[in-house]
Amino acid sequence: MEVYLDNNATTKVDPEVFKAMEPFFCHIYGNPNSLHKFGAGTHPKMVEALDYLYAGINAADQDDIIITANATESNNTVIKGIWVDKILNGNKNHIITSEVEHPSITAVCKFLETQGVSVTYLPVNEEGVLEAQQVADYIKEETALVSIMWANNETGKLFPIKEIGQICRDAGVPFHTDATQAIGKIPVDVQACNVNYLSFSAHKFHGPKGVGGLYVEKGFELTPLLHGGEQMGGHRAGTVDVASMIGMGVAMKLATSPEALAYENTEVKRLRDKLESAILEIPETIVIGGKENRTPNTTLISIRGVEGESMLWDMNQKTIGASTGSACASEDLEANPVMNAFGSDSELAHTGVRFSLSRFNTEEEIDYAISVIKGAIARLRSISSSYAYTPKNHVSEL
Ligand SMILES: Cc1ncc(COP(=O)(O)O)c(CNc2co[nH]c2=O)c1O
């Protein structure tokens, strides 16, 4: 049996999405910017895809959604656009973000610091989230942007986006949220939450890899990251990947419907909870960040005495896929930065394993995964030179 439990890294393309994409490779293949019928033939389904994207995040008609390659490009576009418009060519010089953002936020901020920009990385509490008031406490005249993720990719923890959005609107500071891990798991409403910019990637909600989006509220337009063409109204040069854009639209429609969100928060959550509870029956295992206020499909579990990488290897031998955290950092054996941010000790920071489910996982798969994971933990602890079970240390969660 093959069991895929790494959906926060990427998801399977929904067969309905693939079906919608197929005609746009060999049959309706014109350049959408061409004036002839071959190009114009792509427009109806591209317009429909945009309609699905607007509806999925409740964007207003007058706002923009720019089709990008992925959330990484969307995040870079916002932060570097703010840098050019508000800092290099304005009177601002400060950005507020958090310590647990994805590297496509933190690495850009680190680069801007080398260019003289001041960046505040707000710390998270022991549950891995921050209080909206922390944002208010650090906003100052020079603040050009607040960028706080909607949901953390490793723990699933949710951030107080509505409260932060209100604080930023009251202060007149542009607010960006990286919603990559929120869309398709919880309701995302840019108008209700006073969001000015929002990033997403299709492959996180059963769309194709290599396509994403950046929501830009009307009046918050920025200097583009990519110049050299009139595509996307000049906001993002380059020929659009028509098939992927159409696939992303259908994936957004499927993932954000009331029925789909209900399924995520009942059945997918039930299977996540079943897997998590079974692992927590094993001594010296904890849920990093606790069980409350998180996306329904994710759990980051620390297994004392077991290197996360070793767990992945054992599970992979039985064709179970999971991760120790963000795939873009999977190669290195650095301690998990999110766990470090929680104040985990260095030993604990290497013991995290992330399981992230989807609507395609089944009860049988979870039952199989539980049996394999229990066996792997027992085996790895039995050969560990440093692990000895101490009953007094058995805690169920941080
Ligand atoms: C919150 C968040 N933002 C941005 C990205 C970047 O998305 P991309 O540009 O489509 O790659 C990711 C990918 N996060 C992960 C990729 O692999 N494991 C992860 O947790 C993410 O989780």
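**Close-up 1. R379 and D314, a salt bridge between two helices.** At 38% relative accessibility, R379 comes out as partly exposed. Keep in mind that this is a predicted model. The partner of R379 is D314, and the closest N and O atoms of this salt bridge sit 2.7 Å apart. R379 belongs to helix 13 (residues 363-382) and D314 to helix 11 (residues 308-317), so the bridge ties together parts that are 65 residues apart in sequence. D314 has 9% relative accessibility and so counts as buried, the cut-off for that being under 20%.

**Close-up 2. E217 and R169, a salt bridge from a loop to a helix.** Here the closest N and O atoms of E217 and R169 are 3.1 Å apart. E217 lies in the loop between strand 8 (212-216) and helix 9 (242-256), while R169 is part of helix 8 (residues 161-171), so this pair links parts 48 residues apart in sequence. How accessible are the two ends? E217 is buried, with a relative accessible area of 17%, whereas R169 is partly exposed at 37%.

**Close-up 3. D273 and K269, a salt bridge inside one helix.** Both residues lie in helix 10 (residues 258-280), 4 residues apart, which is about one turn of the helix. Their closest N and O atoms are 2.7 Å apart. D273 is partly exposed, with a relative accessible area of 22%, and K269 is also partly exposed, at 33%.

**Close-up 4. A salt-bridge network of five residues: E267, R270, K274, E363 and D367.** These residues are linked to one another through salt bridges. For the wider picture, a search of the whole structure turns up 16 salt bridges.

**Close-up 5. Helix 4 packed against helix 9.** Two packed helices are described by the angle between their axes and the distance between those axes. For helix 4 (residues 43-57) and helix 9, that works out to an angle of about 35° and axes 8 Å apart. The crossing of helix 4 past helix 9 is left-handed. On the helix 4 side, the contact is made by K45, M46, A49, L50, Y52, L53, G56 and I57. Facing them from helix 9 are V242, M245, I246, M248, G249, V250, M252, K253 and T256. Sorted by class, this contact has 12 nonpolar, 3 polar and 2 charged residues.

**Close-up 6. Strand 10, a buried strand.** How many residues of strand 10 (residues 298-303) are buried? The count is 6 of the 6, so the strand is largely enclosed by the rest of the structure. In a regular strand the side chains alternate between the two faces of the sheet. In strand 10, T298, L300 and S302 point one way, T299, I301 and I303 point the other way, and all of these are buried.

**Close-up 7. The strands paired with strand 10.** Strand 9 (residues 285-287) is joined to strand 10 by 3 bridges, and the two run antiparallel. To get your bearings in this pairing, look for I286, whose bridge partner in strand 10 is S302. Strand 12 (residues 352-356) pairs with strand 10 as well, in the antiparallel sense and over 5 bridges. A handy landmark there is T298, which stands opposite S356 in strand 12.

How values were computed
Residues numbered from 1 in each chain as written. Predicted model: local features only at pLDDT ≥ 70, side-chain atom pairs only at ≥ 80, totals over all residues. Heavy atoms only, no water. Salt bridge = Lys/Arg side-chain N within 4 Å of Asp/Glu carboxyl O. Buried < 20%, exposed > 50% of the residue type's maximum accessible area, 1.4 Å probe, protein only. Axes fitted to C-alpha atoms, helices over the stretch in contact; angles between N-to-C directions. Left-handed = near helix turned anticlockwise from the far one by under 90°. Contact = heavy atoms within 4.5 Å. Nonpolar A, V, L, I, M, F, W, Y, C, P; charged D, E, K, R; others polar. Pairing = 2+ DSSP bridges.
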